[in-house]
Structure formats: structure tokens, C-alpha cells
Amino acid sequence: MTAFTREHCLALDREDPLAPLREQFALPSGVIYLDGNSLGARPHAATARAAEVVAAEWGNGLIRSWNDAGWFDLPRRLGNKLAPLIGARDDEVVVTDTTSINLFKVLAAALRVQQQRDPARRVIVSESSNFPTDLYIAQGLADLLQRGYSLRLVDDPSELDAAIDADCAVLMLTHVNYKSGEMLDMTGLTELAHARGALTVWDLAHSAGAVPVDLHGAHADYAIGCTYKYLNGGPGSPAFVWVAPALRDAFWQPLSGWWGHAAPFAMSPRYRPTEGIGRFLCGTQPMTSLALVECGLDVFAQTSMAALREKSLRLTDLFIRLVEHRCGDHPLKLVTPRDHARRGSHVSFAHPDGYAVVAALIERGVIGDYREPSIARFGFTPLYTSFTEVWDAVEVLRDVLDTGVYREDRFAVRGQVT
Ligand SMILES: *Cc1c(COP(=O)(O)O)cnc(C)c1O
């Protein structure tokens, strides 16, 4: 890199066709927000929408809003808005429940399909570095089913080939690793799984709205993911679930609540799943929170995942290069792949005092986050992160490291959420 300056970054922002989108987000002054991979920023529109849901739809509409304000159809309507971002089609996605709960549903469905095809397959293959809830849900489901299911975890993606053998029922992976930011080859791994007779479950928590995803192109089987990360749906906003049409009607799912029933208001004593993705619904949804998902999705409708991906890679490239050039004397180790094809939209560096460094950055207004055992994690959201912010964030990081301020006692105190 030739001598890069803040002026270069200002010029990049002036030429950035996506820069105007930032105006649609409320970002506090004095903050450089590099944690949109954990909780996306608030679209301005969300405030008015929340007021409308609470005052008009709930306050005035009362029970009538289930029909009149479209509450009952909202999981499907939002699913259709989200679908293009993940390579899904109309009527294939619903926004509902949490990622953990949706994983339980699709994993149960996948195991049931395999039980019919080849009951000897009893192994769920995943990575030990997968997000813990994914592993916990798989363990809980395996225990519940009492059929001898077990989880086989690999420590590195290169071991997947050997792990997907004739015992493997399901390959359950997260597309972009929450810690390292490594992106897996969804198409290649799905092809490998299918060739060995396994089904695939893809967690898109760090992919939806962050990197282009083509579920149909990859011939994926099941997918789930969050809306409160890169999709900016709001804290704890409901998650999404997609199932390949060919598998969808093969089996329902064990959380067979009334919202997945073919005729919920017939009040029949017997469960009869509706056709299509609606059978992956369970029960009544949190409408205030669900409604805000739309404000986040509406911003994506103004651009394309290809344009966002291009900027995301430029932001992460810039961050990596600046950290290595300007903080090179410090023990920071890049854990995110340099190869674009293997990188998501966040960058992680290991540092022996990672927690304290992140805490000191946050005190200075640069918000990233920390993940055990030593990872400082920085998310780049091309909808609202600027090139100049990348420069400024690295300068604060350099100062925090050069001065050693992070060694002060107050940066060792941990909150309930890290
Ligand atoms: C963030 C994240 C989750 C979160 O699940 P919740 O049910 O929303 O708490 C699940 N899986 C992965 C891979 C994640 O990154």
C-alpha cells in the first residue's frame, strides 16, 4: 500500500455511490459503530413505525388489526421481502421466532426426512467453532429423540470431507463464522453432502444482508438466520426460516402450533399442517418487533447485494491493511481469511488482552466487540460504515495500543454481555 491518508478515505467516501444510504440510519454522534454484525443500527423509519404499531394499530385498531393491519400475514409478507437477499423465491421464507428455535424446527425436519430415507444415518456433522446455540440445540434435539443421534464436530473446515461419511444424516453449518469471519463454500459443501447422502442446514446469521447468498443456486436444503444483525430489524427481532420446496411438504416440524395449521381458526382438535413454508410457523408473534423488521428490509430494496458486497470487501481490506501498517508493532494476529472468497463482512484480530483493548476502544467511541478466547471483532456494514470511519477507528486503536491505556483496571471489568 502506498502511503494511505485520511484524505484518501474522504475521497473514497465522496465517490461512494452507497454513501447516501447512511442518512437512513440513526447513529449517535461521537460513535464509530463497528458492531452491526451483532446488533444492526436503527433505521430512522423504525421510530415512526413503532409509534404507528403501538398507537394506531394496537391502540385504536385493537383486535381488528390482526386483519386490518395485516398482522396475521406479516411473517409471510416479510419473508417475501427478505427472500431475494438469500436467493429464495416468493412464498418460501417466513420471518418468525428466533434463530435457535428455527434451527430446532429445520434440524428436526431434516432428521425426520433422513429417518425415512436411511435410518442408519445418526450423525450430525458441524464445526466445534460453530456458534454455541447451534451446537446446544442439536444436542438437545438429539437427546430428545432418543434414537442414538450424535454430534460430530470438526476443528477445521478441511476436516469436513472426512467427517461427512455414510453415517452422516445432516451437515449443519454456519455460512460465515461468528468469530473468525471465515465464509464457507456453500455450493461446494452442499454438493459434497448430497454426494454422500446427507442433507444440509445453513445458518445465515452473519450472511443475510452481509454477503450475497444463493440458496437455490447452491441447492441448499434448509436455512435459518437472524434479522437483528446485518438486516437491522431491531434488538431481538424475529428470525427467518427457509426450506427447499422439494423437502418442505415431506414432514412438518415438531413445534406444530396453531399458526402452522391449515385452518387455524377452524379450532380443530387435530393438527393438520398447512401447505408450504407456513407450516414452519408455530404461534403468535411479537407484532411490535416483527413490524420493525420491514424498516430494515426496505433499505436493502434501494441497493443490491452485489454493490454491498463490493463495498464490504473494500472496507474490510482497508481495515486489515491499516491495522497491519499502523498497529504493526503490537501483538495483533489476523484470524479472518485474506482471501475474498472466504471472508464475510467482519474482521477479527486476536490480541492477548483482547477484552481490555475492546473495552478501551468502546470508551473512546469505537464500538466493536469481544469473543472468547482473545478475539477483537469488528463488523463492517456497507449501508452505513464509511471509509473515513475505518481510518479513524484504526487511529483510535493505534492510540489505545501505543499508550497502553487498555491496561488500566477499569477495562478488565466485564458486564453480563460481552
Ligand atoms: C447470532 C447467532 C445466533 C443467535 O440465535 P438467537 O436464537 O437469535 O439467540 C444463532 N446462530 C448464529 C450462527 C449466530 O451468529
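This briefing describes how a two-domain protein chain is arranged, where its domains meet, and which residues stand out. The structure is a predicted model, in which local features need pLDDT of at least 70 and side-chain atom pairs count only at pLDDT 80 or more, while totals for chains, interfaces and linings use all residues. Residues are numbered from 1 along each chain as its sequence is written, and side-chain values use heavy atoms, with hydrogens and water left out.

**Domains and their interface**

- The domain assignment, whose bounds come from an automatic or database source, gives domain 1 as residues 6–44 + 304–411 and domain 2 as residues 70–301.
- Taken over C-alpha atoms, the centres of domain 1 and domain 2 are separated by 29 Å, and the contact between them (heavy atoms within 4.5 Å) takes 33 residues from domain 1 and 24 residues from domain 2.
- Between them, domain 1 and domain 2 bury about 2,300 Å², with 62% of it on carbon and sulfur atoms; buried area is the accessible area (1.4 Å probe) that two parts lose on being put together, summed over both.

**Polar links across the interface**

- One salt bridge is counted between domain 1 and domain 2, the term being used for a side-chain nitrogen of Lys or Arg within 4 Å of a carboxyl oxygen of Asp or Glu.
- The side chains of Glu 182 and Arg 342 meet in a salt bridge, at 3.0 Å from N to O.
- Across the interface of domain 1 and domain 2, 14 residue pairs are in polar contact, both residues being at pLDDT 80 or more; a polar contact is a pair of N or O atoms within 3.5 Å, where within protein one must be able to donate a hydrogen and the other to accept it, and residues adjacent in sequence count only if both atoms are side-chain atoms.
- On the side of domain 1 that touches domain 2, α11 (305–326), β12 (346–350) and β15 (375–379) each supply at least two residues, and the largest share, three residues, comes from α11; helices (H or I, at least four residues) and strands (E, at least two) are DSSP runs, numbered from the N terminus.

**Positions listed in UniProt**

- Under "binding site", an unreviewed UniProt entry lists twelve positions, Thr 99, Ser 100, Phe 131, Pro 132, Thr 133, Asp 134, Thr 174, Asp 203, His 206, Tyr 228, Trp 258 and Thr 284, and such annotations may be inferred rather than shown by experiment.
- These positions span 186 residues in sequence and their farthest two C-alpha atoms are 30.2 Å apart, so they do not all gather at one spot.
- Of the listed residues, Thr 133 lies in helix α6 (residues 132–145), whereas His 206 is placed in the loop between β8 (199–203) and β9 (222–225).

**Backbone details**

- The peptide bond from Glu 372 to Pro 373 is cis, with omega near 5°, and Pro 373 is found in the loop between β14 (369–371) and β15.
- Leu 62, in the loop between α2 (45–60) and α3 (65–68), has a positive phi near 50° although it is a residue other than glycine.
- His 219, which lies in the loop between β8 and β9, also is not a glycine and has a positive phi of about 55°.
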